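Here are a few exercises to work through with the model open beside you. Try each task before reading the solution below it.

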Amino acid sequence: MKADIHPDYHLITIKMTDGSEYVTKSTWGKEGDVMSLDIDPLAHPAWTGGNAKLMDTGGRVSKFKNKYAGLGF
């Protein structure tokens, strides 16, 4: 087996959106680094069951709705 081909596996701190933190092992960053999450299971609608907002970039959603308005969507 080749030497020095595997990434360093060390402890880092994960900071959730609510400010809580926990320590886990990872190959990300360096020993003791803090990873701050923007989206996590505490805030994302896929895990919380909340409603996601539909972003209409350039009127695509309204264009789609107008095109297929007669089909009852």
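**Exercise 1. Work out how strand 1 pairs with strand 3, and find a residue pair that shows it.**

Solution. Strand 1 and strand 3 run parallel, and three bridges join them. For a residue pair, look at Ile14, which stands opposite Met35 in strand 3. Keep in mind throughout that this is a predicted model.

**Exercise 2. Describe the pairing of strand 1 with strand 2 and the turn that links them.**

Solution. Start with the direction: strand 1 and strand 2 (residues 21–26) run antiparallel, joined by six bridges. Next, pick a pair: Leu11 has Lys25 in strand 2 as its bridge partner. Finally, follow the chain between them: the two strands form a hairpin with five residues in between. In that turn, Gly19 has a positive phi of about 100°.

**Exercise 3. Assemble the sheet and decide which strands stand at its edges.**

Solution. Recall that strands of a sheet pair through backbone hydrogen bonds, either parallel or antiparallel. Here the three strands form an open sheet in the order 2-1-3, with mixed pairing. Strand 2 and strand 3 (34–36) each have a single partner strand and stand at the edges, so one side of each is left without a neighbour in the sheet. From one strand to the next, the twist averages 35°.

**Exercise 4. Is Thr13 buried or exposed, and which residues does Thr13 touch?**

Solution. First place the residue: Thr13 lies in strand 1 (residues 10–15). Its relative accessible area is 16%. Buried means under 20%, so Thr13 counts as buried. Leaving aside neighbours within four places in sequence, Thr13 is in contact with Glu21, Tyr22 and Val23, and also with Asp33, Val34 and Met35.

**Exercise 5. Find the residues that make a nonpolar surface patch, and place Tyr68 within the chain.**

Solution. The patch is made by Phe64, Tyr68 and Leu71 and covers about 310 Å². Of these, Tyr68 sits in the segment after helix 2 (60–67). With a relative accessible area of 31%, Tyr68 is partly exposed.

**Exercise 6. Summarise the whole chain: its elements, burial and contacts.**

Solution. Begin with the elements: the chain has two helices and three strands, running β-β-β-α-α from the N terminus. Then turn to burial: of the 73 residues, 10% are buried. The chain exposes about 6500 Å², of which carbon and sulfur atoms supply 55%. Last, consider contacts between residues at least 6 apart in sequence: 9% of them join residues at least 24 apart.

Definitions and conventions: Residues numbered from 1 in each chain as written. Predicted model: local features only at pLDDT ≥ 70, side-chain atom pairs only at ≥ 80, totals over all residues. Heavy atoms only, no water. Patch = residues over 30% accessible without salt bridge, like charges linked within 9 Å, V, L, I, M, F, W, Y side chains within 5 Å. Areas by Shrake-Rupley, 256 points an atom, 1.4 Å probe, with all protein chains shown as cover. Salt bridge = Lys/Arg side-chain N within 4 Å of Asp/Glu carboxyl O. Helix = DSSP H or I, 4+ residues; strand = E, 2+ residues; numbered from the N terminus. Buried < 20%, exposed > 50% of the residue type's maximum accessible area, 1.4 Å probe, protein only. Contact = heavy atoms within 4.5 Å. Pairing = 2+ DSSP bridges. Axes fitted to C-alpha atoms, helices over the stretch in contact; angles between N-to-C directions.
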